[in-house]
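Reader: I'd like a close look at a single part of this model before I do anything else with it. Pick one stretch, go through it slowly, and then tell me how it fits into the rest.

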Amino acid sequence: MALRVPEELSARVPAEERGAGRDDVRLMVSRGPAVSHHAFRELPGLLRAGDVLVVNTSPTLAAAVTGRLGGDGGGVVVVHFSTRGDDGRWAVELRDPDGRGSTRPRRGGPVGAVVRLPGGGRLVLEEPLVAGAPGAGRLWWASVSVEVPELLAGYGRPVRYGYTERDQPLSAYQTVFARPSPDGSGSAEMPSAGRPFTAGMVAELVSRGVQFAPVTLHTGVASAEAHEPPYPERFEVPEASAWLVGAARAGGGRIVAVGTTAVRALESAAGDDGVVRPAAGWTDLVVTPGRGVRAVDGLLTGLHEPEASHLLMLEAVAGRVALGRAYAEALRRRYLWHEFGDVHLLLPEEGPH
């Protein structure tokens with residue numbers, strides 16, 4: 001998409017520090033090429049009884065930890081813990097401090113590199129996460145000598161990028177839908193489309209007949225600079241949610257995913273026939289216009305950078321023309337980008353009445 005997002009449109013602090021609360025963000029609505037502008041608090045009036053919101057329950061981890069490379073004279077490095085593997089290893093990204101509280105990219109590796117962690121732990125890089133893939137040097141499988149959930153609880157902080165103004169508490173990165181995982185897994189980066197929801201908003205939606213289908217997808221560390229496609233991530237679509245989606249579709253309800261992570265989870269559980277079945281494991285699905293969507297009718301999401309791979313998913317849901325028109329409107333109306341910014345609801349085009 002040929003557009004440039006001015007730096008001043010990056011949301012630098014959470015909505016509750018800019019206004020009256022988490023839900024004090026703007027909501028742009030696309031129905032095909034038609035675009036309208038709302039406050040997020042108007043969402044219940046934009047949905048219908050029988051619609052289902054698919055929400056990601058993955059908790060956000062305090063996934064950034066400062067360590068030192070090698071011996072006592074080793075340089076300071078920030079470890080982003082991305083994804084827990086089935087074998088107990090973790091996919092990690094090493095980054096350099098930028099002197100302003102955030103980080104900048106660094107070369108990955110080499111094999112055998114050691115990072116000394118706070119509290120006496122050690123991390124050893126073993127192999128690239130996906131050998132030969134674009135950006136393969138960024139994420140590496142690493143063995144860690146301590147329990148990572150305990151390490152993050154004691155020394156971690158949320159992953160933060162340079163467009164934000166300052167560190168925020170972990171609570172600023174948790175959504176109302178987040179639930180702890182039994183093994184301490186979670187998302188290295190917040191499933192941010194769910195952030196504006198409050199308990200009051202959820203109650204109002206339920207009272208209007210909108211239902212919620214929880215799924216889980218533990219999102220890894222995004223490629224903030226390179227905009228690589230997403231790597232394999234762990235997901236689960238429980239039986240009750242699969243049933244609810246099927247029942248709603250049979251009854252004429254719309255399935256609206258809250259966030260690209262919810263799309264990835266649900267579409268990973270959808271067969272060629274569009275039926276969603278219970279599923280769990282790893283997904284490497286990348287939703288593109290060519291592949292299309294089978295189970296999702298609409299999407300609530302943040303605003304993505306023009307180069308981001310997520311835009312292919314949005315194009316699969318809404319179409320290129322509609323998406324281009326919406327983003328031009330977002331720039332004209334000076335919507336705010338990124339995880340603390342405004343949100344965009346893509347709905348099916350209204351047919352003639």
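**Arg334 to His338, and what surrounds them**

Author: Let's start with Arg334, which counts as partly exposed because its relative accessibility of 43% falls between the 20% and 50% cut-offs. Keep in mind throughout that this is a predicted model. Arg334 sits in the loop between α8 and β16. Its backbone deserves a look too: phi is near 60°, a positive value in a residue other than glycine.

Stay in that loop and you come to His338, which also lies between α8 and β16 (343-347). The backbone does a similar thing here, with phi of His338 near 80°, again positive in a residue that isn't glycine. The cover is another matter: His338 is buried, because its relative accessible area is 16% and the cut-off for buried is under 20%. So what does His338 touch, once its neighbours within four places in sequence are left aside? The contacts are Ser10, Tyr163, Leu303 and Glu305.

Next to His338 in the sequence is Trp337, and here the list gets longer. Not counting residues up to four places away in sequence, Trp337 touches Val5, Leu9, Ser10, Ala11, Leu303, His304, Glu305, Tyr327, Ala330 and Leu331. Ser10, Leu303 and Glu305 are on this list and also among the contacts of His338.

Trp337 also takes you straight into the largest nonpolar core. That core has 41 residues, and Trp337 is one of the five that touch the most other members, together with Val54, Val237, Leu266 and Val276. Several elements supply at least two residues each: β3 (52-56), β11 (211-217), β12 (233-237), α5 (239-250), β13 (255-258), α6 (260-268), α7 (310-318) and α8 (320-332). The largest share, five residues, comes from α7. Apart from this core lies another, of 26 residues, with Leu61, Ala113, Leu125 and Tyr161 among them.

Leu266, one of those well-connected core members, belongs to α6, where eight of the nine residues are buried. The buried set runs Thr260, Thr261, Ala262, Val263, Arg264, Ala265, Leu266 and Glu267, so if you're scanning for charged side chains under cover, note Arg264 and Glu267 in that list.

Now follow the chain out of our loop and into β16. β16 pairs with β15 (residues 298-302) in the antiparallel sense, over four bridges. Leu300 stands opposite Leu345 in β16. Lying across both β15 and β16 is α7, running at about 150° to β15. That's the α7 with the largest share of the big core.

Step back and you'll find β15 and β16 in an open sheet of nine strands, in the order β2-β1-β16-β15-β13-β3-β11-β12-β14, with mixed pairing. The edges are β2 (34-39) and β14 (279-283), each pairing on one side only. From one strand to the next, the twist averages 20°.

For a contrast elsewhere in the chain, try Gly109 and Pro110, joined by a cis peptide bond with omega of about 0°. Pro110 is in the loop between β7 (103-105) and β8 (114-116), and Gly109 is found in that loop as well. Gly109 is buried, with a relative accessible area of 8%. Beyond its neighbours within four places in sequence, Gly109 is in contact with Leu125, Gly137 and Trp140. Leu125 is one of the members of the 26-residue core. To get a feel for distance, compare Gly109 with Pro214: 105 residues apart in sequence, and 37 Å apart in space from C-alpha to C-alpha.

And the whole thing? There are eight helices and 16 strands. The radius of gyration is 20 Å, close to the 20 Å that the globule rule gives for 353 residues, so the protein is as compact as a globular protein of that length. Its C-alpha atoms fill a box of roughly 70 × 40 × 35 Å along the principal axes. Buried residues make up 53% of the 353. Of the contacts between residues at least 6 apart in sequence, 70% join residues at least 24 apart. On the outside, the protein exposes about 14800 Å², and carbon and sulfur atoms supply 52% of that.

Notes. Residues are numbered from 1 along each chain as its sequence is written. Side-chain values use heavy atoms; hydrogens and water are left out. A nonpolar core is a set of buried Ala, Val, Leu, Ile, Met, Phe, Trp, Tyr and Cys residues joined through side-chain atoms within 4.5 Å. Buried means under 20% relative accessible area, exposed over 50%, partly exposed in between (1.4 Å probe, protein chains only). Contact means heavy atoms within 4.5 Å. Two strands pair if DSSP finds at least two bridges between them. Axes are lines fitted to C-alpha atoms, for helices over the stretch in contact, and angles run from 0 to 180 degrees between N-to-C directions. The radius of gyration is taken over C-alpha atoms; the globule rule is 2.2 Å times the number of residues to the power 0.38. Accessible areas come from the Shrake-Rupley method with a 1.4 Å probe; for residues, only the protein chains shown count as cover.
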